[in-house]
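Me: I'm new to this and would like to learn how to read a structure, feature by feature. Could you take me through one?

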Amino acid sequence: MTSAFLYDGIRTPFGRYGGALSGIRPDDLAATVLRSLADRNDLDPATVDEIVFGAANQAGEDNRNVARMAALLADWPTSVPGTTVNRLCGSSMDAAMQAARMIETGDTATVVVGGVESMSRAPMVMPKPAKGFPVGNETLHSTTLGWRLVNPAMPAQWTVSLGESTEILAGRYGIERAAQDEFAARSHQLAAKAWDNGFYDDHVVAVPGTELARDESLRAETTVERLAGLKPSFRPDGTVTAGNASPLNDGASALLLGDEALADRLGREPLARIAGRGTAGVDPDVFGIGPVEAARIALRRAGIGWGDLGAVELNEAFAAQSLACLADWPELDRDIVNVNGGAIAIGHPLGASGGRVINQLAREMRRSGSRWGLAALCIGVGQGLAVVLEATS
């Protein structure tokens, strides 16, 4: 078997809900990163064996296989096939994991992966009546985030909101409000510093027709004191607020994966090798700890331990959720986690986040000179994914 390598990665700035990217369709966002990735790598799209994109919603303009739609909108040859995967928040990381397996088995040599989400444009839906005309009222359901059209056979404790689930974790792990607000403030401060220092300049690409240059949810002025003034969002006496949770966002990401021979065709070395992968499941009402076991599996498959890691990207769905994972990883040096900010500041457009954390990890590894890195994220309905990267230079 050959190895799978990450050669490049880009993303759009992440727009806030109803903000600068809300007028852009998700399939157009996805087409934007496809075009940009090909242009900056002088990549002939006809040489791409497969496109694998992730999207969590797929109920509106991202329906009908958004990977294929994006390729057609980007004017890529119709000979380039595309498929769309859905593992909710982990969709684009799942896309990368699937693509890596394709490359390792020799089925493909060059795969473009990524993800997209427009939470602003997620539609309202309602079920079709069993008969031609409903006998009562019908209810519209928002598809922006979380459960809808729940099967009545599903245990009620599993279908609580993501915020309520995070309150459960905060109570179980004894995570106080102050710790959550401190974690959130750190995310904003580090992301702002990274932007100011140029960390994001070479891999965040503008969306045509918009003026958004930086992540729209980022608040450089955020402090623990300001966050402490926010009201709880899910329980009157709770600890989870809009300030210590990731926002609703719009955006897209894309990664260029390939075998070792792609380096000769591109004329440069890859950023990293995909060295290990892990998936895990947990009870849906504590979905936030999904990355805990997934990371352990990925490290074991890569043949390394926690002490070998030089950089970690843990997607910040909620501060309490992230802190719960860190509590279960006592061997991990917290100072190497999300050093350029995380999703609380940057944003979390569900389908795009996996691609962001993988690419951000590879670039931080190169900046810091780290050999090994870990990217992980939690997933609604109780799952976690993790990927280990090894630097190639």
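Me: Let's start with one residue. In which strand does Arg277 lie?

Reply: Arg277 lies in strand E9. Keep in mind as we go that this is a predicted model.

Me: How do I tell whether Arg277 is buried or exposed?

Reply: Look at the relative accessible area and compare it with the cut-off: buried means under 20%. Arg277 has a value of 15%, so this arginine counts as buried.

Me: What does Arg277 touch, apart from residues up to four places away in sequence?

Reply: The list includes Met97, Ala100, Arg101 and Glu104, and also Ile297, Ala298, Arg301 and Ala386. With Glu104 there is a polar contact between the two side chains, at 3.0 Å.

Me: Now the strands. How should I picture the side chains along one?

Reply: In a regular strand they alternate between the two faces of the sheet. Here, take strand E12, residues 383-391, where seven of the nine residues are buried.

Me: Which strand do nine bridges join to E12, and how do the two run?

Reply: That is strand E9, residues 272-281, and the two run antiparallel. To find one pair by eye, look at Thr279, whose bridge partner in E12 is Leu385.

Me: How many bridges are there between E11 and E12?

Reply: Eight, again in the antiparallel sense, with E11 covering residues 372-379. Gly373 stands opposite Leu389 of E12. E11 and E12 form a hairpin with three residues between them, and in that turn Val381 has a positive phi of about 75°.

Me: What feature does UniProt place at residues 269-390?

Reply: The record, an unreviewed entry, gives "domain: Thiolase C-terminal" for that stretch. In the model the stretch is 34% helix and 26% strand, with end C-alpha atoms 13 Å apart. The UniProt annotation "domain: Thiolase N-terminal", also from an unreviewed entry, covers residues 8-260. Over residues 8-260 the chain is 29% helix and 15% strand, and the end C-alpha atoms are 14 Å apart.

Me: On to helices. What is the general idea?

Reply: An α-helix has 3.6 residues a turn, so residues three or four places apart point the same way. Helix H5, residues 177-196, is a good case to try.

Me: Why does the length of H5 agree with what a helix should span?

Reply: At 1.5 Å a residue, its 20 residues should span 28 Å, and the end C-alpha atoms are 29 Å apart, so the two agree. Just after it, H5 is followed by Gly198, with a positive phi near 85°.

Me: Which residues of H5 are buried, and what covers them?

Reply: Among the buried ones are Arg177, Gln180, Asp181, Ala184, Ser187, His188, Ala191 and Trp195. Their cover includes strand E1 (5-11) and helices H4 (162-173), H6 (224-228), H9 (319-327) and H10 (343-346).

Me: How many salt bridges does the model have?

Reply: The count comes to 18. One of them joins Asp215 to Arg11, with the closest N and O atoms 2.7 Å apart. That pair links distant parts of the chain: Asp215 is in the loop between H5 and H6, Arg11 is in strand E1, and 204 residues separate them.

Me: Are Asp215 and Arg11 buried or exposed?

Reply: Asp215 counts as buried because its relative accessibility is 4%. Arg11 is buried as well, at 2%.

Me: And which residue forms a salt bridge with Arg25?

Reply: That is Asp27, with the closest N and O atoms 2.9 Å apart. Asp27 is buried at 6%, whereas Arg25 is partly exposed at 34%. Another salt bridge brings together the side chains of Arg265 and Asp259, at 4.0 Å from N to O. Salt bridges can also form a network, as with Asp8, Arg40, Asp202 and Arg363.

Me: One last residue: where is Gly82 found?

Reply: Gly82 is in strand E4, residues 82-85. With 19% relative accessibility, Gly82 counts as buried, because the cut-off is 20%. Leaving aside neighbours within four places in sequence, its contacts are Glu50, Ile51, Asn65, Ala67 and Arg68. For a sense of distance, the C-alpha atoms of Gly82 and Asp333 are separated by 39 Å, and the two residues are 251 apart along the chain.

Definitions and conventions: Residues are numbered from 1 along each chain as its sequence is written. This is a predicted model: local features need pLDDT of at least 70, side-chain atom pairs count only at pLDDT 80 or more; totals for chains, interfaces and linings use all residues. Side-chain values use heavy atoms; hydrogens and water are left out. Helices (H or I, at least four residues) and strands (E, at least two) are DSSP runs, numbered from the N terminus. The expected span of a helix is 1.5 Å times one less than its number of residues. Buried means under 20% relative accessible area, exposed over 50%, partly exposed in between (1.4 Å probe, protein chains only). Contact means heavy atoms within 4.5 Å. Two strands pair if DSSP finds at least two bridges between them. UniProt positions are given in the numbering used here, feature names are shortened, and annotations may be inferred rather than shown by experiment. A polar contact is a pair of N or O atoms within 3.5 Å; within protein, one must be able to donate a hydrogen and the other to accept it, and residues adjacent in sequence count only if both atoms are side-chain atoms.
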